[in-house]
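User: I would like to learn how to read the contacts and sheets in a structure made of several chains. Could you take me through one, feature by feature?

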Protein chains: 6
Amino acid sequence: MPEITINLAAGRTDEQKRGMMADITAALVKNLGVDPEVVVIQINEAPLSHKMKGGKTYLERQAKT
Amino acid sequence: MPEITINLAAGRTDEQKRGMMADITAALVKNLGVDPEVVVIQINEAPLSHKMKGGKTYLERQAKT
Amino acid sequence: MPEITINLAAGRTDEQKRGMMADITAALVKNLGVDPEVVVIQINEAPLSHKMKGGKTYLERQAKT
Amino acid sequence: MPEITINLAAGRTDEQKRGMMADITAALVKNLGVDPEVVVIQINEAPLSHKMKGGKTYLERQAKT
Amino acid sequence: MPEITINLAAGRTDEQKRGMMADITAALVKNLGVDPEVVVIQINEAPLSHKMKGGKTYLERQAKT
Amino acid sequence: MPEITINLAAGRTDEQKRGMMADITAALVKNLGVDPEVVVIQINEAPLSHKMKGGKTYLERQAKT
C-alpha cells in the first residue's frame, strides 16, 4: 500500500492535479505491480507565502519573474 | 515524542476529528507509556479533488456512490 | 481513506508498535465509521541522533536522564 | 536536496513565517554546506481544531489560557 | 517545486523504485509543465512490522497470503 | 507546537545534523517566540537510491559528479 503525499504550491488547475495523480497511480501500478485501488495520493497544497526556496518565498520569487 | 500526521479527506465533523485525536492520544499513552503532553497530532485535511485512490479522485468516487 | 504517519524515536518493541497501530485503527473505525481496511498507518522510525526536542537530540536528552 | 515540512497551528503572521523559513534556510546552508536554491520548505498550517496535544485540541487549550 | 514523499513497505527492488520515481517525475513534468530538475521525490521505506492496514501489520498480512 | 520533518539524503555527519537541528530550533524560538521545549524535529534519512531529482536518483547524480 504505497501512500503518496505531494507538497505543492497553490496555482494549478483541478484538471492538472487530477491528471498528475492519475499518471502517478499508473506509474505505481506499472513499476510495483500493485492494484490501483491500493494507491492513495494526497496533495497538501500551500499558499505561495507558505513555501520557500533559496531563502525567498514563492510569493517573492513570483514577484521577481 | 511521537508526532502523528493524519492525511484526511474533507467532510468529517469537528466532533469526529476531536474524538479520533483523543482516542489516538490514548492509544499512544497505553501502548508506549508516554505522557499525553508529549503526544502531538495534526490533521492535514484535503478537499476531495486533492485526493485520489484507484486512479479516481475522491470527488469522482463520491459521484459514483 | 485516512493515512497516518507516525514519527517515532527508535527504542520501542514490535509488540508496543503493533498494539499502538491496532488501537489507532480502532480509533478511526470508531470515530469516522470507516472500514478497517481503508486505514493505513506507517511508522517512520528515527535513531535518537536524528530527533531533537528543546534544542537537544534524543541521544543527549537520554544521556541526561 | 533537503525538503523541510513544518506542521504549524494557524495564528502566526506572514512575516513570522517568512522570517522562520529564511532562518531555517540559513541553518541548512551553514550546517550542510548546500546551496540555498536546493533548500525547499513548506508550511502545512492547520486550524486549531485540527491539532491536539495532551488529549486537548489547540482550540480547547487556547480557551483554558 | 513539488516535493513528493512515498510511504512504502520494504520488499521492492532498486530497479522498481528507480522506475517508479522516474515515471512519477515524468507525470509531473507532463501535467504541471515543470522542469524535471525541480521535481524531488523521497521514498520513506518501512519494515513490514512498521506498517498496518485493516488492523493487521504487513508482516501479519504477508503470513496469511 | 511546530513539528518539523526533514527529508534528507544519507551522507552527513551526526555533528552536521545536530548543528542543523539546533539552529532550526533557534530559528523557531526567535521568529515564533515559542519555548524550545515545544519544538520537535525529525530527520527522515533516505539512502541515495531512494531519492530522485530531475529524473535521476541521487546515486546516479553522484556518479556523474
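User: How many residue pairs are in polar contact between chain C and chain A?

Analyst: The count between chain C and chain A is zero, with both residues of a pair required to have pLDDT 80 or more; that condition applies here as this is a predicted model. The rule for salt bridges likewise finds zero across the interface of chain C and chain A. The two chains do touch, however, with four residues taken from chain C and four residues from chain A.

User: How much area do chain C and chain A bury between them, and which residues of chain C supply it?

Analyst: Together chain C and chain A bury about 390 Å², of which 73% is on carbon and sulfur atoms. On the chain C side, Met1(C), Glu3(C) and Val40(C) supply 87% of the area buried against chain A, more than any other three residues. Sorted by class, the side of chain C that touches chain A has two nonpolar, one polar and one charged residues.

User: What does the same reading give for chain E and chain A?

Analyst: Here the contact takes 24 residues from chain E and 24 residues from chain A, and the two chains bury about 2100 Å² between them, with 55% of that on carbon and sulfur atoms. Met1(E), Asn31(E) and Leu32(E) supply 26% of the area that chain E buries against chain A, which is more than any other three residues supply.

User: How many polar contacts and salt bridges link chain E and chain A?

Analyst: Between chain E and chain A there are 13 residue pairs in polar contact, both residues being at pLDDT 80 or more, and the rule finds four salt bridges across this interface. In one salt bridge the side chains of Lys30(A) and Asp23(E) meet at 2.8 Å, N to O. Another salt bridge brings together the side chains of Glu3(A) and Lys51(E), also at 2.8 Å, N to O. This second pair joins two chains, because Glu3(A) lies in strand S1 of chain A and Lys51(E) lies in strand S3 of chain E. Over all chains, the structure holds 48 salt bridges.

User: Which elements make up the side of chain E that touches chain A?

Analyst: Strand S1 (3–9), helix H1 (14–32) and strand S3 of chain E each supply at least two residues of that side, and the largest share, ten residues, comes from H1(E). By class, the side of chain E that touches chain A has 13 nonpolar, five polar and six charged residues. Strand pairing also links these chains, for five bridges join strand S1 (residues 3–9) of chain A to S1(E), and the two strands run antiparallel. Within that pairing, Ile4(A) stands opposite Ile6(E).

User: Which pairs of chains do not touch?

Analyst: Chain C and chain D are one such pair, with their nearest C-alpha atoms 12 Å apart. Chain B and chain E are also without contact, and their closest C-alpha atoms lie 12 Å apart.

User: How should I read the order of strands in a sheet?

Analyst: Read the order from one edge to the other, noting the chain of each strand as you go. One open sheet of eight strands has the order S4(D)-S3(D)-S2(B)-S1(B)-S1(C)-S2(C)-S3(E)-S4(E), and its pairing is mixed. Its edge strands are S4 (56–57) of chain D and S4 (56–57) of chain E, each of which pairs on one side only. Towards the chain E edge, three bridges join S2 (residues 40–46) of chain C to S3 (residues 51–53) of chain E, in an antiparallel run, and Gln42(C) stands opposite Lys51(E).

User: What packs on this sheet?

Analyst: Helix H1 (residues 14–32) of chain B packs on the sheet, and its direction makes about 145° with that of S2(B). Helix H1 (residues 14–32) of chain C lies across S1 of chain B, S1 and S2 of chain C, and S3 and S4 of chain E, running at about 145° to S2(C).

User: What is the order of strands in the open sheet that has S4(A) at an edge?

Analyst: That sheet of eight strands has the order S4(A)-S3(A)-S2(D)-S1(D)-S1(F)-S2(F)-S3(C)-S4(C), with mixed pairing. Strand S1 (residues 3–9) of chain D and strand S1 (residues 3–9) of chain F pair in the antiparallel sense over five bridges, and Glu3(D) stands opposite Asn7(F).

How values were computed
Residues numbered from 1 in each chain as written. Chains lettered and ligands numbered in written order. Predicted model: local features only at pLDDT ≥ 70, side-chain atom pairs only at ≥ 80, totals over all residues. Heavy atoms only, no water. Pairing = 2+ DSSP bridges. Helix = DSSP H or I, 4+ residues; strand = E, 2+ residues; numbered from the N terminus. Contact = heavy atoms within 4.5 Å. Axes fitted to C-alpha atoms, helices over the stretch in contact; angles between N-to-C directions. Buried area = accessible area lost by both parts, 1.4 Å probe. Polar contact = N/O pair within 3.5 Å; in protein donor to acceptor, adjacent residues only side chain to side chain. Nonpolar A, V, L, I, M, F, W, Y, C, P; charged D, E, K, R; others polar.
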